[in-house]
Amino acid sequence: MLRTHTCGELRLEDVGKEVTLSGWVQRVRNKGGLVWVDLRDRYGVTQLIFEEGSSDQELLDKAASLGREFVIQAKGEVIERTSKNNKIPTGDIELKAVTLEVLNAAKVPPFVIEDETDGGEELRMKYRYLDLRRRVVREKLQLRHHMMQETRKFMDAEDFMEVETPVLIKSTPEGARDFLVPSRINQGEFYALPQSPQTFKQLLMVSGFDRYFQIVKCFRDEDLRADRQPEFTQIDCEMSFVDQEDILQTFEGLVKHLFSTVKKVELPEVERMTFADAMKYYGNDKPDLRFDMKFVELNELAQNKGFNVFDAAELVVGICAPGAASYTRKQVDALTEWVKRPQIGAKGLVYVKCNEDGSFKSSVDKFYSQEDLKSWADKMGAHPGDLMLILSGDKNATRKQLSELRLKMGADLGLRDKNVFKPLWVLDFPLLEWDEETERYHAMHHPFTSPKKEDIGLLESDPGAVRANAYDLVINGVEIGGGSIRIHDRETQKTMFKHLGFTDEEAQEQFGFLMEAFEYGAPPHGGIAFGFDRLCAIFGGSDSIRDYIAFPKNNSGRDVMIDSPSAIADDQLKELSIQLNLKK
């Protein structure tokens, strides 16, 4: 070993020991006859001291010539520091070096490798191997490692078997676009990279494995944002001979275990809410329950009073922002402009201030009396000092707009505390959703999701009303996991494919292997998959999952460090029988 100890290990009790340290030069402070070097490795920082009189001039000069990020080895005696540093664990000691060897010199890095760096994101991604030396980045990956190990501990204790599934699979038409891989051996044919191991984990249940899990890479060729990457990681799980309640109980246990062991937080009871209620009261299927502001519908109270904007609307709905009556006219106008942005799409915003004296001031005083506005306040649970914000229009669009406004108000009022965790199961999703573009139904989750038994009869008469035996786990407004009880017999699966617009031939071509497997004794089964990167981001208090991935892609799906994706040689294309036809 080129070291006897790490740079984060030595303490006062080690004073007097002869040790060897190796690492990277964090900084050099040269006071002429006195040189201090901060030496860093993965475990921490230790100060080295080179002093005129006790160190020979050659050693002193060598220490003074060190540059940032030089890799060095130093030997010497651990001594107590005269001026202690209580900001680092090794701050009571320093190493009085007697030898110094440069193991590798370094160019000046393109940004400062400190917690607070001067490098922008694109520059740090280009030199990601340098960015990973920063403590704040390393700690995020240490968190990821810890969560991975605790996941495996819990799953092993619950009798789950970790099984790897193939990465080169068959392309299927449902879900996001596949990444395709040409086959040299089978000319003109392609593998796909898996969007998830869905069919394989179901086949493992047919195989009698009973309880499966895998921390697995998945791939989706889709538009990117802060919580999406083209390749991401799932905790993928499946169980046999279970119903929905068994799944919910088991994986509440996993999430509580992770919070307890990794965050030292005892998670509260996981609330449950139907999809219908989530949409009605929060406007989306992953509501943030850290704050209230539930939607209140005002059609009965607000319509037929001569205000045409409300009278012509399918839905009049509002939220009560606590303590926000103090908003100035300028602030309210800014909110109005915010909801009118194309990304939100509202045509306007009605406000009602609940004054401290019990009166009301609104943007629709011309149409509504104080008694009218009081009835709104009573229904919305508004008190003096609160601000009511109301939108109207088509039901689905208006709920979506108000959902965005609710989240903004929650953030602006400081109600979305990253140290508070509110988990929620969302249940009873629609099985199918209508797509106007293709004029057919699509599976809201995936085509293997089982309908609720009591709704199966509606598949023929009213497919859009069929509820799925599906569930999502949401924490703080972020979907971190989703799953379902699966279809496990050929006839029901065949019916499902029919309602998704598959011909018998298409269903057989794409999924014949699975339907055939169902004929050999498939047990009832179900499962769930957690977005592991998202879970890490929630634990670490970040908005972006990129912080928890060692070598992430940017928003264009590029790895700027290795310059990928990239063109390939003509010889390789020829070998794969691929001809490019790019439009100039």
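## A walk through the predicted model

Phe241 is exposed, with a relative accessible area of 63%. This residue sits in the loop between β10 (231-240) and α6, and its phi is positive, about 55°, even though Phe241 is not a glycine. All of this is read from a predicted model, and the same goes for everything below.

Asp428 makes a handy companion to Phe241. Here too phi is positive in a residue other than glycine, with a value near 60°. Asp428 belongs to the loop between β17 (423-427) and β18 (432-435). Is Asp428 buried or exposed? With a relative accessibility of 17%, Asp428 counts as buried, since the cut-off for that label is under 20%.

Stepping back to the whole chain, there are 17 helices and 22 strands. Of the 584 residues in the protein chain, 48% are buried. Taken along the principal axes, the C-alpha atoms fill a box of roughly 95 × 75 × 55 Å.

Two pairs of residues give a feel for distances inside that box. Glu77, in strand β4 (residues 71-80), is partly exposed at 31% relative accessibility. From the C-alpha atom of Glu77 to that of Ala569 the separation is 57 Å, and the two residues are 492 apart along the chain. The other pair is Ile578 and Leu95, which are 483 residues apart along the chain and have C-alpha atoms separated by 61 Å. Ile578 comes in the segment after α17 (570-575) and, with a relative accessibility of 25%, counts as partly exposed.

Next come the pockets. Rolling a probe the size of a water molecule over the atoms shows where empty space is left. The second largest pocket holds about 720 Å³ of space. Lining this pocket are 22 residues, and those closest to its centre are Phe179, Leu180, Ser564, Pro565 and Ser566. Which element gives the largest share of the lining? That is strand β7 (residues 180-182), with three residues. By type, the lining of the second largest pocket splits into 13 nonpolar, four polar and five charged residues.

Two of the residues closest to the centre of this pocket, Ser564 and Pro565, deserve a second look. The peptide bond that joins Ser564 and Pro565 is cis, with omega at about 5°. Pro565 itself is in the loop between α16 (532-540) and α17.

Aromatic side chains also have a story to tell. A pair of aromatic rings is described by the distance of the centres and the angle of the planes. How many aromatic pairs does the structure hold? The count is 18. One of them is made by Phe251 and Phe530: the ring centres are 6.0 Å apart and the planes meet at 55°, so this pair is tilted. Phe251 is part of helix α6 (residues 244-263) while Phe530 is part of strand β22 (residues 525-531), so the pair ties together parts that are 279 residues apart in sequence. Both Phe251 and Phe530 are buried. Elsewhere, Phe307, Phe310, Phe367, Tyr368 and Trp376 form one aromatic cluster.

Rings have charged company as well. Arg406 lies over the face of Phe291, 4.0 Å from the ring centre. In another spot, the charged end of Lys126 sits over the ring of Tyr127, at 5.9 Å from its centre.

Last, the cysteines. How many disulfides does a search of the whole structure find? Zero is the result. Take Cys354, which is in no disulfide: the nearest cysteine sulfur belongs to Cys320 and is 6.1 Å away. A disulfide would need the two sulfur atoms to be within 2.5 Å, so the contact with Cys320 does not qualify. Cys354 is buried, at 2% relative accessibility. Cys7 is buried too, with a relative accessible area of 0%.

Key:
Residues are numbered from 1 along each chain as its sequence is written. This is a predicted model: local features need pLDDT of at least 70, side-chain atom pairs count only at pLDDT 80 or more; totals for chains, interfaces and linings use all residues. Side-chain values use heavy atoms; hydrogens and water are left out. On a 1 Å grid over the protein atoms alone, a cavity is a set of points where a 1.4 Å probe fits but cannot get out, and a pocket is an open set with protein on both sides within 12 Å along at least five of seven lines; lining residues have an atom within 4 Å of a point. Grid points are joined across faces, edges and corners, and a volume is the space filled by probe spheres set on the points. Helices (H or I, at least four residues) and strands (E, at least two) are DSSP runs, numbered from the N terminus. Ala, Val, Leu, Ile, Met, Phe, Trp, Tyr, Cys and Pro count as nonpolar, Asp, Glu, Lys and Arg as charged, and the others, Gly among them, as polar. Rings of Phe, Tyr and Trp (its six-membered ring) pair if their centres lie within 6.5 Å; planes under 30 degrees apart count as stacked, over 60 as edge-to-face and the rest as tilted. Buried means under 20% relative accessible area, exposed over 50%, partly exposed in between (1.4 Å probe, protein chains only). A charge sits over a ring if NZ of Lys or CZ of Arg is within 6 Å of the ring centre and within 35 degrees of the ring normal.
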